[in-house]
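Here is a short briefing on how two domains of one chain meet. Look over the sequence and the structure before reading on.

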Amino acid sequence: MTQVLTANRLDDGRVVFLTPTGDWSPDLNDACTVSDDDAAQELSAVGALAEAACTVIGPYLIEVLEDEGQLQAAAIREAIRAAGPTVQAGQF
Amino acid sequence: MYRYDEFDHQLVTERVEQFRKQVDRRLAGKLTEDQFKPLRLMNGLYLQLHAYMLRVNVPYGVLSARQLRKLADIARRYDRGYGHFTTRQNIQYNWVSLADTPDILADLATVEMNAMQSSGNCVRNITADPFAGRARDEIEDPRVWCELIRQYSILNPEFAYLPRKFKIAVTGAPNDRAAVGVHDIGLRMHHDADGRPGFEVLVGGGQGRTPVIGKTIRDWIEPEEILAYIEAILRVYNLHGRRDNLYKARIKILVNALGIDKFREMVDAEWEAIRGQGLTVPEAEQARIAQYFRPPAWASLRDIDAELELQATADPAFGAWLNSNVSAHKAPGYAIVSLSLKAPGREPGDLSADKMDAVATLADLYSLGELRVTHRQNLVLPDVRQADLKELFRELVSLELATPNIGLLTDMIACPGLDYCALANARSIPVAQDISRHFTAVDKLQEIGALSINISGCMNACGHHHVGNIGILGVDKKGKEFFQITLGGASDQNATLGDRLGPGLPQAEVPGAIEAIVDTYLAQRESEQETFLATYRRVGIDPFKTAVYGEEPVRRVA
Ligand code: SF4
């Protein structure tokens, strides 16, 4: 199972993903992927530090799938978090 | 409408500055999320799926054109150019940043608005009949009492940490447009034999995972005693409501556990102890608040039914709109106009900043500068001259706000669901969009007649699915979205909870199922006057079950 670490950014609440360089990116494809428990724990530890430093809120691991080089969140909820609402909000 | 006095101004301004400092400390890393969360919630700020969400109170759904312009301005400057009207007659912004929030609250304060107690375990925005003070069937204007309850409950330290949130709704009309039966406290105004007003008090109604219709705890409370009586209820709840289990913390659970008679006894004991003291509303105060709600200077006009009928014959689209979107006003020659935020394929309750501005202009031009928000997520112009209806209709058509569907099948309530909400199991908005695209024929909608569809994205039931004539509840089954249908719910004076039709359906099958249900109704009804609800109550659920699932119910996943 491939996982990435996600959270919401403190200042604007936006969905972000932990990158390999330890930054947080709004793009799921920038995320650092891990596929074993030890590495996942390491990601979580980085997340906990970022939360303690008030950079992000509520970090947690999510499952992702790889499709033609693109990352895709496995759960609908996470897919919507990553891509935004599925409705054309604000057009009306 | 009510205008802030010096105390309101001071309270709101001080609160904004207090929150500004709290936000500064949070952004500077001096407060953890655990410490900050209760503070932001007290100011209406949630963290949703994609961003912070700010819920702004529209007290009992009454809004001025000036306030709506400010709401548009905020949507444009701090959000993505739109807002969402909710089933609590409030407005939500979905994309605000934490750093901007104190400025937004300061902006709101300039038009006498705030976001206090729009979340958290406290008394929430008081909701009311959106036609209050205007409806022809009204007995008493409830807004005076809504305002008194607002002032009493806002930042009331005794009730800042109730076991759970607490919702109060008030109606002054026999036709309940405020869903008082599904509130923690529901108030219905009646007249006694001498024509003096008083309150019937319902308690323990609510939706969520344990839906309950409120029970009448008192059939008569003198108006000046209503605050003391509410306080007695809140005290009993505050002391005895469960705090150990989130799902058992609402007052409905307490009332059910004790039984209404025992609960009444406890409330009465408390009431006797505080009765006739500081919470009796003095006549002068009643009069002071009442003057804000004096009827505006309506011109002396006459009803022009015959002329409207002629116009309707000449222009059937206008006629259809008159039929469903225009309601009787208490002043002759005036009408109450509902603006549908449910055009086909739209997100129920959403409105762009540009349209908010346009609606504010229409309110100034045609409705003495006032508006209402309904719990069915529409807007209302409460004071329109009947002679202006045709012209207003034309303006509304160009704004896509004249869909003639108020009270009809496509006037759906839909909560934000999984497109926005962190608690959701499934998406509500796309389901509403599918249904509204499926049923576009105006004739058909009018033929079907009164029918409410209410959609919630999870058991929390913000979309009032339990009390929709047709309720739709989103559930998650092994990571997939399914939708359970209930039939026979109602939120009016004869409120009932819907019955579950059968196993959940995938989204794609929902419009077809609704069509099968509607066709069954049309085939079964005894006359055109028999509403969907009446037919359902007469024939029961079985024909509808068969229509949707066939003779042998198919086993499905959800
Ligand atoms: S009903 Fe559920 S999904 Fe809908 S807004 Fe309420 S909590 Fe969110």
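Buried area is the accessible area, taken with a 1.4 Å probe, that two parts lose on being put together, summed over both. The model is predicted. The briefing follows domain 1 and domain 3 of chain B, which bury about 1,800 Å² between them.

**Layout**
- Chain B is assigned four stretches: domain 1 (6-109), domain 2 (135-292), domain 3 (305-398) and domain 4 (413-549).
- The C-alpha centres of domain 1 and domain 3 of chain B lie 29 Å apart.
- Domain 1 of chain B brings 21 residues to the contact, and domain 3 of chain B brings 24.

**Buried area**
- Carbon and sulfur atoms give 58% of the area buried between domain 1 and domain 3 of chain B.
- Leu68(B), Arg69(B) and Phe85(B) supply 31% of what domain 1 of chain B buries against domain 3 of chain B. No other three residues supply more.

**Polar links**
- Three salt bridges are counted between domain 1 and domain 3 of chain B.
- Arg76(B) and Asp354(B) form a salt bridge, with their closest N and O atoms 2.9 Å apart.
- Across this interface, 14 residue pairs are in polar contact, both residues being at pLDDT 80 or more.

**The domain 1 side**
- Strand S3 (62-64), helix H3 (65-78) and strand S4 (82-85) of chain B each supply at least two residues to the side of domain 1 that touches domain 3.
- H3(B) gives the largest share of that side, seven residues.
- By class, that side has eleven nonpolar, eight polar and two charged residues.

Note on methods. Residues numbered from 1 in each chain as written. Chains lettered and ligands numbered in written order. Predicted model: local features only at pLDDT ≥ 70, side-chain atom pairs only at ≥ 80, totals over all residues. Heavy atoms only, no water. Domains from an automatic or database assignment. Contact = heavy atoms within 4.5 Å. Salt bridge = Lys/Arg side-chain N within 4 Å of Asp/Glu carboxyl O. Polar contact = N/O pair within 3.5 Å; in protein donor to acceptor, adjacent residues only side chain to side chain. Helix = DSSP H or I, 4+ residues; strand = E, 2+ residues; numbered from the N terminus. Nonpolar A, V, L, I, M, F, W, Y, C, P; charged D, E, K, R; others polar.
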